[in-house]
Amino acid sequence: MKEMGRQFVLGEDIKAAMKRAKGMEKKGYTYSYDMLGEAARTDAQARAFHLSYSRAIGAISEAASHGTVAKNPGISVKLSALHPRYEVAQTDRVMESLVPRLRSLAHLAASAGIGLNIDAEEADRLQLSLDVIEAVLSDPALKGWDGFGVVVQAYGQRCGPVIDWLHAMADKHDRRIMVRLVKGAYWDTEIKRAQMLGLPGFPVFTAKAATDVSYIANARKLLSMTDRIYPQFATHNAHTVAAILHMGGDLPHEAFEFQRLHGMGESLHEIMRKDDGRPCRIYAPVGAHEDLLAYLVRRLLENGANSSFVNQIVDEEVPPETVAADPFDAALPPPPVPAGPALFEPTRANARGWDLTDRPTLAALDEAREPFRTTRWTAHPLPSSFWQENANPTPAKVTNPANPGDTVGEVTEATAEIVAAAVARTGPWTADARTRAAALRRAAEGYEAAAPELFAILAREAGKSMLDCVGEVREAVDFLHYYAAEAEAQDPAPRGTWAAISPWNFPLAIFTGQIAAALAAGNGVVAKPAPQTALVAYRAVQILHEAGVPESALSFVPGGAEAGAALTSQADLAGVVFTGSTGTARKIRESLAETATPGTPLIAETGGLNAMIVDSTALPEHAVRDILASAFQSAGQRCSALRCLYVQEDIADRLTGMLKGAMDTLRMGDPWDLSTDVGPVIDVAARDSILEHIEQARAEGRILHQLKAPESGTFVPPTLIKVEGIEALEREVFGPVLHVATFEADEIDQVIDRINATGYGLTFGLHTRIDDRVQHIVDRVAAGNLYVNRNQIGAIVGSQPFGGEGLSGTGPKAGGPHYVQRFAAPERGDLGTAWDRDVDANAVETALRGAADQKGQPPGPEDLPGPTGEANTLSHHARPPILCLGPSAAVAEAQRQAVTDLGGIAVAVDGRLDPGALETLGPLGGVLWWGDAATGRSYEQALARRRGPIIPLIAARPDAAHVLLERHLCVDTTAAGGNATLLAAVSADEEAAA
């Protein structure tokens, strides 16, 4: 690290850097010093960066002995280092706090007679950067100072217009400014972001040759603007240098300068300095070893790329014609990666994206949402033709959880009689798979067309932020596209009529996903949303009906616990799909065991006590960013939200200090506003339950940090609570509450054991930079979704199938390859003959325990599609043993073979098992029974009385998800500082094109 740092970093502090710079300054070079460090996460960090910049300017001023800014050393400043929330959604705070900080630095630099350059950042911050730049540039006190500088990136498609704007601003305010033209530093990040947002294009050029052309074209533009601009050409490419010298040959030597990075391009710039005499400045990073990693990785990736001039010039096998190739002659290859809409083609279309950092997009959304700011919606059972006679006489009033005075609408809830009538009248969708798929795709288009209205309902009814509203609609659309494709690929036969019971925390996405999967398989669906969020669900059903889903195949029954109990007690149900609490899932299981046909499936996705481990090698700024999102986005009301954070003791003080500061930057308020980070929890009951938990911790002196919540509405302040470990959490606290525990370096295995011992297995997060540790931990954690070096929320349909194990759900994973199969009619097994003998339960227990040590033979891992810079892998693991109960030796053996053929573990009995034994037998992953219904019901009832995970009775041939656990692993492969895979792919494509 020290040797790499010496190559690419001038010094660990400004004094050391300036001392080392003297040798090159004697040769005629000047310097621009850059203080390394990640973007600020806290206001304290931003103030520290501001102080560091101020001190650096003071130190640099001692070497500013020349009469012009161009000949003096200068400094480069990152705006994201001067404010912890440097983002469009927080524009007002940025302008209020950052502008004065930057202005004070500009005044210092002007007094010292040195240059101050604003470094370029990601494209989504460009407009905000220009606002800040104009606010400072227009300060009358800076008149006459030619040292204000701006970095512009040639790979950006807005490079030319930005240069024009800068020239116009300089002219408007009677200034002469510096413009440093660079190729660009965040190309892979821009590609990934555009893909993840589903945007139709990229803000950057996707071919290196196009960027080279852009650089030369904009260099020519700058050379024509020297009346107001002092161009600074940062490049290590000899062809580019030659082009600039040719175009600017008639200009005075002092009209522009060249720049290079410290540690790169030395030979080229030395030749140019000697032969042409043009000024040359060295961009010199300054920082301690702990700040180096991301910068060093970026430099190594740039130098190592096959298309890099720096790489090619030292490779004797590369001919000169290639090294100095004219980019205007290059054959541009197609983009190395698909754009957002095509990310999952040819399997399915990707949901449309909305860029919430793009001002025209935001203006259009605000205009489209505005008519719905005061709309009052109504909802009632659907279709309308069958519910009026038995309707509840008094509709339920729906109020905005952020603003109790805002009435969002009214809901006429279904009575038990209406629920029974809905089940009786709803039947399979008899159209073929292609017709069903086409209707689901039309519904996806309908959702996108109605997006502004859906955003408005979600914000006012469910208290969702704008960011969450966009994510919710996109996920719902993705479900429709994904299950439509699955219907065409599988052509499944229906089971019958399903009950779909969805939660309030994803009232559109999960509601739609459940319905779409059941409809894709040709079933009928009776859908019951959570009572808190029936309005958005009603609108969704309207869109589905308008898209061609028959009313006879999709009914809607809003209501609370009474309607839910009535629905799950209907004997004619073919299955129930449910997302909600583990306790409610058990009640549904008990109800089905009493009334439904034995073997009726229950697909349940339930809660979790989700943990994250952060070790001492993690990058604190990145970890804190992901902890904030995982714990507090959506007000902590996600099944996948982080509940217990384990931090290695070595870094605990630093990381928790940074986390507290980052929490202080969060904004609570009306989720309608883009600037709101944390909205309300869903209702008064939820708020009071969470606050009770917080107050208990306060009484015990365990509150580490807490924000202040608005007084009106059902807000809960984001809160940090100290715990000894995850076992201290007696229940899932479904809100913005994060519990923090510490561990020693040698205790990671014990921590994993404690996490697994909770019995929950939904999501898990890990931050580390040790690859071996990643593999070790993910192999041991029993969770359905594992996330490495990123947040642990926001699973993507088809890319990150979602669902848990143990107390967190039955499987199969929603948005995964096995989900639709569970809704399809199964292949029936051979009933055979009845047992003529009994089996000893103790012997069965012994056999189960012995089999539990087996691994099974599941299929190998599967790479799933997703954005570049992310590895998504779905693996399968054998569930605990599947018990094969026959009802005969031949049938039990056939069942055992069916399980093992799928890669699972099976134990076949050799006689009739007493039903009562199933209440405690274990370990157990499922029970196969292909016999009479009366015995099957007794087995169902015994399984329903078990404590712990829900264990299914399987009355037909099992599917893969019955015998295998699905675990999804998502790794941010760019966490160290760059996307090597993408850059390598680009180099390969460009070599092929050449």
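**Entry 1: the largest nonpolar core**

I started with the largest nonpolar core of this predicted model, which holds 77 residues. I asked which members touch the most others, and found Tyr33, Tyr53, Leu102, Leu116, Phe148 and Phe233. Helix α4 gives the most to this core, with eight residues. Apart from this core lies another, of 74 residues, and I noted Ala351, Tyr538, Ile543 and Ala547 among them. A general reminder for my own use: in soluble globular proteins, nonpolar side chains tend to be buried together.

I then looked up Phe233 by itself. Leaving aside neighbours within four places in sequence, I found Phe233 in contact with Leu181, Tyr215, Ala219, Leu222, Leu223, Ile244, Phe256, Glu257, Phe258 and Gln259.

**Entry 2: helix α4**

Next I followed α4, residues 91-112. This helix has 22 residues and reaches 30 Å from its first C-alpha to its last, close to the 32 Å expected at 1.5 Å a residue. Where does α4 bend? I found a bend of about 30 degrees at Leu98, and a proline, Pro100, follows within four residues.

I listed the buried residues of α4 as Arg93, Val94, Leu98, Val99, Arg101, Leu102, Leu105, Ala106, Ala109 and Ala112. I was pleased to meet Leu102 again, which I had noted in the core. The buried residues of α4 pack against α3 (43-61), β2 (74-77), β3 (115-118) and α5 (126-137). Just after the helix I came to Gly113, whose phi is positive, near 75 degrees.

**Entry 3: the barrel**

I then traced the strands around. Eight of them close into a barrel in the order β1-β2-β3-β4-β5-β6-β7-β8, with parallel pairing. On average, neighbouring strands of this sheet are turned by 30 degrees against each other, direction ignored.

Two helices went into my notes here. Helix α4 lies across β2 and β3, running at about 150 degrees to β3. Helix α2 (residues 14-26) lies across β1 (30-35), β7 and β8, and runs at about 160 degrees to β1.

**Entry 4: strand β6 and its partners**

Phe233 brought me back to β6, residues 229-234. How many of the six residues of β6 are buried? I counted six of six. Ile229, Pro231 and Phe233 point one way from the strand, while Tyr230, Gln232 and Ala234 point the other way. That fits the general rule that in a regular strand the side chains alternate between the two faces of the sheet.

On one pairing, I found β5 (residues 177-182) joined to β6 by five bridges, the two running parallel. There, Gln232 is the bridge partner of Arg180. On another, β6 pairs with β7 (residues 257-261) in the parallel sense over three bridges. Phe233 stands opposite Phe258 in β7, and Phe258 was also on my contact list for Phe233.

Going one step further, I saw four bridges joining β7 to β8 (residues 280-286), again running parallel. Ile282 in β8 is the bridge partner of Arg260.

**Entry 5: the open sheet**

I also looked up a sheet that stays open. Ten strands, listed as 10 in my notes, form it in the order β19-β20-β21-β18-β17-β23-β24-β32-β27-β26, and the pairing is mixed. Which strands are at the edges? They are β19 (703-706) and β26 (862-863), each pairing on one side only.

Within this sheet I checked β23 (residues 763-767) and β24 (residues 785-788), which pair in the parallel sense over four bridges. Tyr787 in β24 is the bridge partner of Gly765. Helix α26 (residues 748-757) packs on the sheet, touching β17 (611-614), β18 (644-648), β21 (737-743) and β23. Its direction makes about 175 degrees with that of β17.

**Entry 6: backbone oddments**

I looked for cis peptide bonds and noted two cases. The bond from Glu345 to Pro346 is cis, with omega near 5 degrees, and Pro346 has its place in the loop between α13 (320-323) and α14 (359-369). Leu382 and Pro383 are also joined by a cis peptide bond, with omega about -5 degrees. Pro383 is found in the loop between β9 (377-379) and β10 (396-400).

Then I turned to positive phi in residues other than glycine. Ser634 has phi near 60 degrees, and Ala635 has phi near 55 degrees. Ser634 is found in the loop between α23 (620-632) and β18, and Ala635 also has its place between α23 and β18.

Is Ala635 buried or exposed? With a relative accessible area of 1%, Ala635 is buried. Ser634 has 13%, so Ser634 counts as buried too.

Technical notes. Residues numbered from 1 in each chain as written. Predicted model: local features only at pLDDT ≥ 70, side-chain atom pairs only at ≥ 80, totals over all residues. Heavy atoms only, no water. Pairing = 2+ DSSP bridges. Contact = heavy atoms within 4.5 Å. Axes fitted to C-alpha atoms, helices over the stretch in contact; angles between N-to-C directions. Expected span 1.5 Å × (residues − 1). Bend = angle between axes of the 7 residues up to and from the residue. Buried < 20%, exposed > 50% of the residue type's maximum accessible area, 1.4 Å probe, protein only. Core = buried A, V, L, I, M, F, W, Y, C linked by side-chain atoms within 4.5 Å.
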